[in-house]
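Reader: I have the sequence and the model open. Can we walk through it together?
Author: Sure, go ahead.

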Amino acid sequence: MKLVVVSICMNEAQTVAELVKRIPKKYAGIKDVDICIVDDGSTDGTVAAARKAGATVYSDGANKGLAYRFREVIDIALERGADVLVNIDGDLQFQPEDIPKFVQPVVAKEADFVAADRFTDPETGEQRRPKNMPAGKYYGNKLGARVVSRLARQTFNDVTCGFRAYSYRALVALNINSTHTYTQESFQIIAAKRLRIKTLPTHVTYYKGRKSRVVKSLVSYIAVSSLNILRAYRDFAPLRFFFSVGLIPFTIGLIGVGIAGWHWLQTGLISPYKAFGMAGLYLTTLGIFFWSLGLVADMLVRLQGTAEKSYEDIKRIRFPRT
């Protein structure tokens with residue numbers, strides 16, 4: 001079996017060489033190991049440092065974002081013949097020595113996807129916020145985990161951590177469309193396709209005072225997270241999403257129609273509740289419209305599932321494994 005270890009880096013010249021050197025070179029059940037750095041427009045010598053440390057470097061000099069680079073990572077791993085892909089941050093937030101723990105369940109065919117859980121203490125098993133992690137980011141991540149758990153009907157504590165291992169089957173299944181970040185969407189795709197998921201409580205270091213390259217501000221993070229949650233329900237549970245959206249105007253409209261209708265039954269007149277009746281009819285119609293959209297969206301999701309299977313077959317033909 002072949003393992004490809006990848007790190008997407010931007011301005012990590014101070015840590016990338018140490019990362020490359022500390023990545024274990026031998027694993028049980030693994031014959032070949034490739035270490036690759038995917039540069040996202042670094043300007044501080046990251047590329048040179050990574051090459052000097054012995055990594056294979058992919059760089060086009062542009063900053064295109066994590067989601068775009070992760071789509072590249074999937075292709076790189078498949079093109080290099082990976083049976084297992086491990087993605088790890090380049091800033092040494094995570095210990096490279098932990099990589100074998102992520103590889104082993106995939107090699108043993110116990111899991112297709114192994115994800116780090118930053119919020120469960122590896123020693124005690126207790127849930128906690130990592131030291132120096134901003135509270136807004138922590139609770140935003142917990143909310144995202146709750147949403148993915150409900151959609152997948154499984155329980156996950158952390159769905160946005162980038163330290164992960166993927167099997168060949170998971171790499172073939174992934175088709176990322178997000179333009180912001182890939183972590184939550186990839187988790188949702190793998191869960192929706194009922195691949196085997198394992199989470200590992202993992203130590204993580206948050207450097208005090210260091211600014212996140214993904215989270216530019218708390219307000220933007222909350223806005224993007226909220227949008228991702230809405231998209232998750234829309235894309236992975238359209239009936240539930242549109243039923244919930246339609247239920248609000250339908251219920252309010254039904255009350256308005258009920259008030260006008262009751263008055264008409266009692267007096268034979270709609271006035272002075274004509275406005276209630278008209279608004280109620282509009283809102284109930286709007287609710288029914290949203291429910292109709294849900295039915296259409298559900299059919300589209302089923303068609304998308306068929307297209308996804310065809311796409312997976314094409315990837316298997318392009319990147320065959322014995």
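Reader: Start with Lys109. Is Lys109 buried or exposed?
Author: Exposed, because its relative accessible area is 59%, and the cut-off for exposed is over 50%. Keep in mind that this is a predicted model.

Reader: Where does Lys109 sit?
Author: In the loop between helix 4 and strand 5. Its phi is near 60°, a positive value in a residue other than glycine.

Reader: Which other non-glycine residue has a positive phi?
Author: Leu92 has one, at about 65°. Leu92 belongs to the loop between strand 4 (84-87) and helix 4 (99-107).

Reader: And Leu92, buried or exposed?
Author: Buried, because its relative accessible area is 10%. The cut-off for buried is under 20%.

Reader: OK, on to strand 5. How many of its residues are buried?
Author: Strand 5 covers residues 113-117, and 5 of its 5 residues are buried.

Reader: Which residues go on which side?
Author: Phe113, Ala115 and Asp117 are on one side, with Val114 and Ala116 on the other. Both faces of strand 5 are covered.

Reader: Why the every-other-residue pattern?
Author: In a regular strand, side chains alternate between the two faces of the sheet.

Reader: Which strands does strand 5 pair with?
Author: Strand 6 (residues 164-167) pairs with strand 5 in the antiparallel sense, over 3 bridges. Strand 7 (residues 197-201) runs parallel to strand 5, and 5 bridges join the two.

Reader: Take Phe113. What are its bridge partners?
Author: In strand 6 the partner of Phe113 is Tyr166. In strand 7 the partner is Ile197.

Reader: Now strand 2. How many of its residues are buried?
Author: Strand 2 spans residues 32-39, and 6 of the 8 are buried, so the rest of the structure largely encloses strand 2.

Reader: How many bridges between strand 1 and strand 2?
Author: There are 8, and the pairing is parallel. Strand 1 is residues 2-9. As one example, Ser7 stands opposite Ile37 in strand 2.

Reader: Zoom out. How many helices and strands overall?
Author: The protein has 10 helices and 7 strands. Of its 322 residues, 46% count as buried.

Reader: What does the C-alpha trace span?
Author: About 90 × 45 × 40 Å along the principal axes.

Reader: What separates Glu123 and Phe250, in sequence and in space?
Author: They are 127 residues apart in sequence, and their C-alpha atoms are 50 Å apart.

Reader: Where is Glu123, and is it buried or exposed?
Author: Glu123 is in the loop between strand 5 and helix 5. Glu123 is exposed, because its relative accessible area is 60%.

Reader: Back to the surface. Which residues form the positive patch?
Author: Five names to look up: Arg146, Arg150, Arg153, Arg194 and Arg240.

Reader: Pick Arg146. Which helix is that in?
Author: Helix 5, residues 135-152. Arg146 counts as exposed because its relative accessibility is 59%.

Reader: Last thing. Which peptide bond is cis?
Author: The one from Ser271 to Pro272, with omega near 10°.

Reader: Where does Pro272 lie?
Author: Pro272 is in the loop between helix 9 (238-267) and helix 10 (274-318).

Definitions and conventions. Residues numbered from 1 in each chain as written. Predicted model: local features only at pLDDT ≥ 70, side-chain atom pairs only at ≥ 80, totals over all residues. Heavy atoms only, no water. Patch = residues over 30% accessible without salt bridge, like charges linked within 9 Å, V, L, I, M, F, W, Y side chains within 5 Å. Areas by Shrake-Rupley, 256 points an atom, 1.4 Å probe, with all protein chains shown as cover. Salt bridge = Lys/Arg side-chain N within 4 Å of Asp/Glu carboxyl O. Lys, Arg positive; Asp, Glu negative; His and termini not counted. Charge placed at Lys NZ, Arg CZ, Asp CG, Glu CD. Helix = DSSP H or I, 4+ residues; strand = E, 2+ residues; numbered from the N terminus. Buried < 20%, exposed > 50% of the residue type's maximum accessible area, 1.4 Å probe, protein only. Pairing = 2+ DSSP bridges.
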